[in-house]
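User: Please take a close look at a single part of this model, the protein surface that faces one of the DNA strands, and then set that part in its wider context. A careful account with the cut-offs stated would suit me best.

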Protein chains: 2
Amino acid sequence: MATTPRRRIPEAAISRLPVYLRILSELEAEEVARVSSDELAELAGVNAAKVRKDLSYLGSFGTRGVGYEVKFLTYQIQRELGLNQTWNVVIVGAGNLGQALANYGGIIQRGFTVAAVVDNDHSKVGTEVGGVRVRHVEELAQLAQSKDINIGIIATPAQHAQAAADVLVKAGIGSILNFAPTVLSVPRSVHVRKVDMALELQILSYYEQVRRQARGDNPSEQPASA
Amino acid sequence: MATTPRRRIPEAAISRLPVYLRILSELEAEEVARVSSDELAELAGVNAAKVRKDLSYLGSFGTRGVGYEVKFLTYQIQRELGLNQTWNVVIVGAGNLGQALANYGGIIQRGFTVAAVVDNDHSKVGTEVGGVRVRHVEELAQLAQSKDINIGIIATPAQHAQAAADVLVKAGIGSILNFAPTVLSVPRSVHVRKVDMALELQILSYYEQVRRQARGDNPSEQPASA
DNA sequence: TGATGTGAACCCATTCACAGCC
DNA sequence: GGCTGTGAATGGGTTCACATCA
């Protein structure tokens, strides 16, 4: 026990750390050595108090009157997020999306390795996707163990997403990234995050509609072609 | 004025409405006529009070002692989100991602039409992607006007994302869905939503690391192979 | 009776404002 | 002097619990 007392960091703050991290890596590429909370806030599109509060959860890594050392802060955030180690992921579903994800090197980037790709379709098993041979989904539990896989990506059609989640959970995987347009039912201890373009578009639709109504437009069902 | 008094609906509630909508459409496909807040909550993975509160922002559409009429509630949520009309979107960037988005019919679904695809690369202009001819990004403002486009999707490489956003804003587009791993700087009135797999994975990494530490593991940089 | 709709209580997140330190 | 770090104040969102009504 007592590796680190590990203060509880609010979920909202955690979700912003990767944003700061990305900005810091850009700054490092530009050989900027130090950054203030004001600058970082500007670049991250949030306010400075939030940046300072978020960073203060990690510890006191800044220098009063000066700012934060870019490299040091990068290291600390990576450490906090667990990005100083490699995580093995499995992609469930070797269709279009699964293949795209496995091949898109820019997405599965430093720190994440596609250790396995599985599918329930026997005709796909054995083909090569993103540098690994596709295995049958029944082998998942065994693969997860032997390859130390902790994160699963669901890239199946909607109707198979829940079954995919069940298999992942049974294989002992605790974190799931869900690309299927489906609400997954999983034990409370499992973390699920969702990537869903349709949802995002529908939310934007709302704000566009508000804008339209504010302008006084009255789009009675179908906007006229004139 | 006074199209609808339009009460302010909390952002958090808005972001859940598309989830309810999707569940309702599944229920409708299964020919379920009524649903209670308890059932809906279970299917949406939230608690029942939240469902009732969210829905109450739209009006009193349920029946006490009974529940909600699936079709009627669907209609009301669609209406609230502006999904009873068609939105035209432009995709900026005709590379791999842009092409995938334009072609993936399941993503650009009912209510959204890919009215234009633009790119800054002249060699791509004129090719056909997702049923439309790619136009040069300089034509965007003109296209936005003539085709009544309100939503832009950024599918460019990171280094061009801000320029893409600038062009969209200048063209009068008020809502942006950003697939590039970049924080966009836009006027406050513009709504931006982000789809970013790498960010999501990094957040999951954090929770896996917490789990690992809770188990007492001590993965000193590289986990040993034993 | 049973489920909605909603004020009130609670809780988490954001922002303020300034003490503390370089 | 300037910027961090952080208690305190504020605000928004969630949950509770019950009055209300079919």
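Analyst: A good starting point is Arg64(A), which has a polar side-chain atom 3.0 Å from a sugar or linking oxygen of DNA strand D; this is a polar contact, meaning a pair of N or O atoms within 3.5 Å, where within protein one must be able to donate a hydrogen and the other to accept it, and residues adjacent in sequence count only if both atoms are side-chain atoms. The model is a predicted one, in which local features need pLDDT of at least 70 and side-chain atom pairs count only at pLDDT 80 or more, while totals for chains, interfaces and linings use all residues. Residues are numbered from 1 along each chain as its sequence is written, chains are lettered from A and ligands numbered from 1 in the order in which they are written, and side-chain values use heavy atoms, with hydrogens and water left out.

Two further contacts of chain A with DNA strand D involve the protein backbone. Gly65(A) places a backbone N or O atom 3.0 Å from a sugar or linking oxygen of DNA strand D, and Phe61(A) has a backbone N or O atom 3.1 Å from a phosphate oxygen of that strand. In total, 25 residues surround DNA strand D, the closest being Ser37(A), Gly62(A), Tyr68(A), Arg16(B) and Arg64(B), where a residue is near a strand if one of its heavy atoms lies within 4 Å of it. Of the atoms of DNA strand D that come within 4 Å of the protein, 63% belong to sugar and phosphate.

The surface near DNA strand D draws at least two residues from each of helix H3 (48-56), strand E2 (62-63) and strand E3 (67-69) of chain A, and from each of helix H1 (11-29) and helix H3 (48-56) of chain B; helices (H or I, at least four residues) and strands (E, at least two) are DSSP runs numbered from the N terminus. H3(B) gives the most, with four residues. By class, this surface has six nonpolar, 10 polar and nine charged residues, with Ala, Val, Leu, Ile, Met, Phe, Trp, Tyr, Cys and Pro counted as nonpolar, Asp, Glu, Lys and Arg as charged, and the others, Gly among them, as polar.

DNA strand C is likewise surrounded by 25 residues, the closest being Arg16(A), Ser37(B), Arg52(B), Gly62(B) and Tyr68(B), and sugar and phosphate again make up 63% of its atoms within 4 Å of the protein. An N or O atom in the side chain of Tyr68(B) is 2.7 Å from a phosphate oxygen of DNA strand C, whereas Lys53(B) has a polar side-chain atom 3.5 Å from a base nitrogen of DNA strand C. The largest contribution to the surface near DNA strand C comes from H3(A), with four residues.

As for the two protein chains, their contact (heavy atoms within 4.5 Å) takes 68 residues from chain B and 68 residues from chain A. Between them they bury about 6,800 Å², 57% of it on carbon and sulfur atoms, the buried area being the accessible area (1.4 Å probe) that two parts lose on being put together, summed over both. Six salt bridges are counted between chain B and chain A, each a side-chain nitrogen of Lys or Arg within 4 Å of a carboxyl oxygen of Asp or Glu; one of them joins the side chains of Asp148(A) and Arg212(B), at 3.6 Å from N to O. On the side of chain B that touches chain A, H8(B) gives the most, with 17 residues.
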